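Colleague: I'm still learning to read these models. Could you pick one part, take a close look at it with me, and then connect it to the rest?

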2 protein chains.
Amino acid sequence: MQNESLTAEVVSIGDEMTSGARLDTNAQWLSRRLGELGIEVTFHSTVGDTLQHNIDVFRTAALRADVVVCTGGLGPTRDDLTRQALAAVLDQPLELRQSALDHIHRLFARRNREMPQRNEVQAMFPVGSLEIVNPQGTAPGVDATFQRPDGSTSRLFALPGVPAEMKRMFDETVAPRILESGANTRRHIEHHVMKFFGVGESDMEQRLGEMIARDHVPRVGITVSSATISLRISAIGESPQECHRQIESTRAEIMERVGELHFGDGEEFEQYHAVERMLAERGESLVSVEFGRSAVLANWFASLGESSTYRGGFCFAKLGELATVLDVDADSALETLRRRCDSQWLVAVDEYPSLECSDDQPLPAAEVTLIVIDPTGTVFSTTSRLGGHPSIIYERIGKAALAWLRRVLTEPRADRHDNPTAAAR
Amino acid sequence: MQNESLTAEVVSIGDEMTSGARLDTNAQWLSRRLGELGIEVTFHSTVGDTLQHNIDVFRTAALRADVVVCTGGLGPTRDDLTRQALAAVLDQPLELRQSALDHIHRLFARRNREMPQRNEVQAMFPVGSLEIVNPQGTAPGVDATFQRPDGSTSRLFALPGVPAEMKRMFDETVAPRILESGANTRRHIEHHVMKFFGVGESDMEQRLGEMIARDHVPRVGITVSSATISLRISAIGESPQECHRQIESTRAEIMERVGELHFGDGEEFEQYHAVERMLAERGESLVSVEFGRSAVLANWFASLGESSTYRGGFCFAKLGELATVLDVDADSALETLRRRCDSQWLVAVDEYPSLECSDDQPLPAAEVTLIVIDPTGTVFSTTSRLGGHPSIIYERIGKAALAWLRRVLTEPRADRHDNPTAAAR
């Protein structure tokens with residue numbers, strides 16, 4: 001198999017998916033991962049817990065795709081038909097695999113529970129298929145090769161539907177086996193995620209140019225979540241070292257093109273992590289104040305836990321209310337709060353726009369004032385015009401406030417746009 | 001067509017779906033709606049922007065399902081191939097439909113823009129197919145009947161991929177046409193959603209028994225989102241009045257079984273809406289305080305906007321920090337805050353557990369103290385043991401606090417579990 005020309009199909013199994021009771025997120029995750037391996041996903045199929053339907057879907061998939069990854073139907077109940085469907089499609093009987101049974105027994109023993117008889121069925125495998133170890137659960141996966149009538153083959157991987165188990169099994173076993181099966185010697189894959197804020201997706205694509213083309217080596221994928229852009233570099237090479245070299249040089253090239261928008265690396269790394277890191281290095285702390293109709297900043301910083309440099313979050317309709325609570329003038333409310341909280345920094349949003357009457361349509365840009373107070377009590381404020389879909393507008397505004405805070409934290413004093421009256425109003 | 005025995009397939013079209021760049025939520029939404037019409041969805045298929053693949057998928061779907069609803073591929077660009085694929089499957093040429101072209105022209109005129117030439121293609125329809133009006137966008141839908149070799153038929157509905165447009169077109173045109181096509185006279189459908197908190201999904205299912213069976217009339221669907229349970233009653237009848245009667249009697253039966261867990265009705269109705277309504281009726285107000293690592297209460301109440309009875313939200317690591325900010329003793333901090341905010345009520349969570357080291361696994365139950373202070377300054381506190389997956393645990397705790405607040409707001413004083421020391425610590 002030459003990865004570059006392989007196609008794949010992702011199959012999701014379960015009545016809860018076809019009925020719409022549950023949203024399928026596995027297919028998206030697997031499609032991205034397969035794409036990173038250089039494999040084009042051409043179809044997704046979802047099928048309920050009906051044996052003949054499963055058999056039909058597996059056969060169709062194996063005939064039209066080189067790699068088939070299916071999730072679900074590997075549990076111990078009578079609803080779980082993936083093993084039987086695979087056996088039928090492969091035309092092989094099911095046999096008990098002792099290594100898999102031992103694993104299931106160990107898992108129950110570790111939980112101090114007796115293994116129910118019905119779980120034994122999870123150790124049944126079509127003759128000739130390989131086991132995919134599930135370190136977290138009782139359902140091992142199945143790895144089988146389907147012989148097409150024309151003599152070519154398709155590789156079928158069956159994984160459990162539980163996302164955490166499925167993801168780990170794909171990364172630890174399925175991806176390496178797909179790479180190993182290639183005729184080439186590029187058998188390692190490494191990922192690296194870079195995060196950006198402050199630009200739209202199409203502008204970002206334009207500035208990256210051919211770097212995000214499908215045939216770029218290494219592959220660079222772009223995704224957007226609530227105005228944060230992630231670039232995921234997926235390097236395939238003969239050794240981890242070669243992968244790391246590819247990632248290093250690609251990362252440097254990306255930084256050259258859009259470095260000023262970059263705030264950190266890592267799948268889960270957000271701007272509030274960047275702010276917390278900057279403050280921790282200085283040994284300084286932060287308090288947030290949000291006027292209007294959201295508390296996204298408080299929610300983000302609160303999620304950092306006890307280790308954080310975050311002093312607290314405040315959320316009011318208007319500045320006057322904060323002043324009343326603190327028992328001070330409106331003019332000095334924010335600065336009073338910063339000092340009473342014993343915090344070096346304060347960030348404030350004034351204010352989140354109303355979503356009333358938005359009717360699920362993008363909101364027109366509204367003027368929002370972003371305020372930062374530094375350890376000397378100096379106020380830095382900027383006014384942004386921010387719009388967007390109701391589902392992301394508050395996060396986008398909160399992120400714009402963090403971008404403003406990062407700028408005040410990093411840029412030399414002289415460059416700052418300083419407007420002390422905006423905060424005092 | 002007799003709806004009771006119909007099956008359906010949902011088809012999603014676009015490279016952004018097969019590649020995993022975008023999560024498909026349309027298929028889930030359509031599956032639920034079709035289920036409510038009494039139609040069993042047996043397959044979902046997702047296909048990229050490749051003409052032959054689209055033709056193959058449409059044909060397979062039309063051969064195995066009585067109703068096919070596909071989304072995407074109706075835009076004006078060369079990537080958009082749904083019209084051509086439908087024409088090929090139906091074996092009919094495309095023709096320009098003047099009514100559709102007029103609609104597109106009107107839409108551009110309303111936006112004060114010239115219609116680009118390429119949008120004309122959106123008015124092309126396979127000969128013999130019907131138009132599905134799109135009130136919000138330029139892409140009309142297509143409604144066509146596929147003749148199977150055995151003489152039976154399948155109904156194909158093609159809708160745009162934009163969720164807001166797709167949903168409105170399904171509800172306004174596709175659902176009525178599916179009901180009309182039935183041999184029976186039950187051509188109206190009405191929905192009603194009831195909301196519950198305070199019980200797990202399986203307990204709820206057990207208490208509802210046969211009411212949530214697939215063949216129950218009217219159908220009652222159960223879904224869970226972050227520990228809130230929704231029951232959706234879908235009544236199909238000869239008239240809106242008959243539907244309403246079905247809903248009334250089913251709603252009464254549900255209230256008899258699980259009424260004490262019910263907090264309101266409506267798809268978007270949450271506990272914080274219920275609390276706001278109760279407070280508005282009394283002309284009273286609320287302030288929220290959250291210790292630990294979240295600000296979900298502040299976020300929810302802030303989202304209510306200016307009309308709300310919400311005075312403000314506070315989020316700190318520990319009680320001592322609040323006391324410092326207010327410049328009072330820890331013992332009187334919460335009550336001082338309630339009074340300074342000029343609020344009748346206060347609700348507090350002490351405290352959200354850490355998610356560190358949770359490793360994407362459900363957290364063991366942690367003791368969380370939920371505190372309410374009433375207009376007289378009396379403190380009502382209760383300790384709950386709450387666990388769950390990291391992605392929902394904070395919302396579950398916030399919701400438990402709201403359930404406690406609702407109980408204090410509604411139950412006679414004598415029944416309350418009163419423990420003033422817990423808040424003062």
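**A hairpin and its surroundings**

Modeller: Let's start with β16(B) and strand β17 (residues 379-388) of chain B, which run antiparallel and are joined by nine bridges. Keep in mind that this is a predicted model. To find one of the places where these strands meet, look for B:Ile373, which stands opposite B:Val379 in β17(B). Now follow the chain round the turn: β16(B) and β17(B) make a hairpin, and five residues sit between them. One residue in that turn to click on is B:Gly377, because its phi is positive, at about 90°.

β16(B), which covers residues 363-373, has another partner too: it pairs with strand β15 (residues 345-350) of chain B, again in the antiparallel sense, this time over five bridges. If you want a landmark there, B:Val347 stands opposite B:Val372 in β16(B).

Next, hop over to another strand of chain B, β12 (residues 262-265), where you'll find B:His262. Is B:His262 buried or exposed? B:His262 counts as buried because its relative accessible area is 15%, and the cut-off is under 20%. Its side chain makes a polar contact with the side chain of B:Asp265, at 2.6 Å. A polar atom of the B:His262 side chain also lies 3.1 Å from the backbone oxygen of B:Gly264. Leaving out residues up to four places away in sequence, B:His262 touches B:Met194, B:Lys195, B:Phe196, B:Arg251, B:Met255 and B:Arg406.

Now zoom out to where the two chains meet. Chain A and chain B each put 56 residues into the contact. Together they bury about 4300 Å², with 52% of it on carbon and sulfur atoms. You'll find zero salt bridges between them, but 17 residue pairs are in polar contact, both residues being at pLDDT 80 or more. On chain B's side, the elements giving two or more residues include helices α2 (26-36) and α3 (51-64), as well as strands β2 (40-47) and β14 (310-316). Sorted by class, that side has 21 nonpolar, 22 polar and 13 charged residues.

Strands cross-link the chains as well: β14 (residues 310-316) of chain A runs antiparallel to β14(B), and three bridges join them. To see one of these spots, find A:Gly313, whose bridge partner in β14(B) is B:Cys315.

Methods:
Residues are numbered from 1 along each chain as its sequence is written. Chains are lettered from A and ligands numbered from 1 in the order in which they are written. This is a predicted model: local features need pLDDT of at least 70, side-chain atom pairs count only at pLDDT 80 or more; totals for chains, interfaces and linings use all residues. Side-chain values use heavy atoms; hydrogens and water are left out. Contact means heavy atoms within 4.5 Å. Buried area is the accessible area (1.4 Å probe) that two parts lose on being put together, summed over both. A salt bridge is a side-chain nitrogen of Lys or Arg within 4 Å of a carboxyl oxygen of Asp or Glu. A polar contact is a pair of N or O atoms within 3.5 Å; within protein, one must be able to donate a hydrogen and the other to accept it, and residues adjacent in sequence count only if both atoms are side-chain atoms. Helices (H or I, at least four residues) and strands (E, at least two) are DSSP runs, numbered from the N terminus. Ala, Val, Leu, Ile, Met, Phe, Trp, Tyr, Cys and Pro count as nonpolar, Asp, Glu, Lys and Arg as charged, and the others, Gly among them, as polar. Two strands pair if DSSP finds at least two bridges between them. Buried means under 20% relative accessible area, exposed over 50%, partly exposed in between (1.4 Å probe, protein chains only).
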